[in-house]
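User: I would like to learn how to read a few features of a protein model, beginning with its cysteines. Please give the general idea and then the case at hand.

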Amino acid sequence: VYKRQGINAEYGGQTFQSWKRRWFVLSENKLSYYATQRDASPLGVITLDYCTVNEGDEKELGKKFCFELFTPERTFFFAADSEQDLADWISVLRSGDSGDVKKDGYLIKQGLGVKTMKRRWFALKDNLYYYHEKKDPKTDRYDFY
């Protein structure tokens with residue numbers, strides 16, 4: 001059973017970063033993407049555990065109707081075909097969001113290998129602490145370590 005499927009543009013690439021049209025299928029807790037709708041095997045699968053999604057900045061990303069998907073591993077950038085499509089994708093991705101941040105703020109963290117103390121932005125979400133170097137005040141996004 002699919003929660004949502006459709007065409008979006010994805011920004012990425014290993015050697016040359018560019019926008020590419022892909023077919024996306026959201027099912028259970030995974031977002032699979034394919035080169036075309038007819039392909040049987042996905043080019044990739046994004047696990048949506050502990051992800052957040054925000055509307056993207058058109059000026060920053062150079063594309064209309066953009067959204068950003070933040071996972072613990074990396075940040076993904078997508079562009080929908082219309083404003084309604086953008087709202088639908090954000091809504092369905094957020095509906096699977098594992099919860100709201102219950103508490104966040106700066107804490108001092110000691111490293112494992114190097115025993116130095118560093119100031120990090122922490123967020124308590126789903127009874128787990130996530131941290132990153134600093135909070136992005138523009139989007140309140142969490143780039144997890």
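Analyst: Take Cys51, which counts as buried because its relative accessibility is 3%. Cys66 is buried as well, with a relative accessible area of 3%. Keep in mind that this is a predicted model.

User: How many disulfides does the structure hold?

Analyst: A disulfide is a covalent bond between the sulfur atoms of two cysteines. The structure holds zero disulfides.

User: How is a pair of aromatic rings described?

Analyst: The description uses the distance of the centres and the angle of the planes. There are five aromatic pairs in the structure. In one of them, the rings of Phe24 and Tyr33 have centres 5.8 Å apart and planes at 35°, so this pair is tilted. Phe24 and Tyr33 are both buried. The rings of Phe76 and Phe78 have centres 6.3 Å apart and planes at 15°, so that pair is stacked.

User: Are Phe76 and Phe78 buried or exposed?

Analyst: Phe76 and Phe78 are buried.

User: Which residues form the aromatic cluster?

Analyst: One cluster is formed by Phe24, Tyr33, Phe67, Phe76, Phe78 and Trp89.

User: Now the strands. How do S2 and S3 run, parallel or antiparallel?

Analyst: As general background, side chains in a regular strand alternate between the two faces of the sheet. Here, strand S2 (residues 18-27) and strand S3 (residues 30-34) run antiparallel and are joined by five bridges. Val25 has Ser32 in S3 as its bridge partner.

User: What phi does Glu28 take in the hairpin of S2 and S3?

Analyst: Glu28 takes a positive phi near 55°, in a hairpin with two residues between the strands.

User: Where does Phe65 lie, and what is its phi?

Analyst: Phe65 lies in the loop between helix H1 (58-61) and strand S6 (66-70). Its phi is near 55°, a positive value in a residue other than glycine. Phe65 counts as partly exposed because its relative accessibility is 26%, and the class begins where buried ends, with buried meaning under 20%.

User: A last case is Tyr106. How far apart are Tyr106 and Arg120 in sequence and in space?

Analyst: Tyr106 and Arg120 are 14 residues apart in sequence, and their C-alpha atoms are 5.5 Å apart in space. Tyr106 belongs to strand S8 (residues 101-110). With 33% relative accessibility, Tyr106 counts as partly exposed.

Definitions and conventions. Residues are numbered from 1 along each chain as its sequence is written. This is a predicted model: local features need pLDDT of at least 70, side-chain atom pairs count only at pLDDT 80 or more; totals for chains, interfaces and linings use all residues. Side-chain values use heavy atoms; hydrogens and water are left out. Helices (H or I, at least four residues) and strands (E, at least two) are DSSP runs, numbered from the N terminus. Buried means under 20% relative accessible area, exposed over 50%, partly exposed in between (1.4 Å probe, protein chains only). Two strands pair if DSSP finds at least two bridges between them. Rings of Phe, Tyr and Trp (its six-membered ring) pair if their centres lie within 6.5 Å; planes under 30 degrees apart count as stacked, over 60 as edge-to-face and the rest as tilted. A disulfide is a pair of cysteine sulfur atoms within 2.5 Å.
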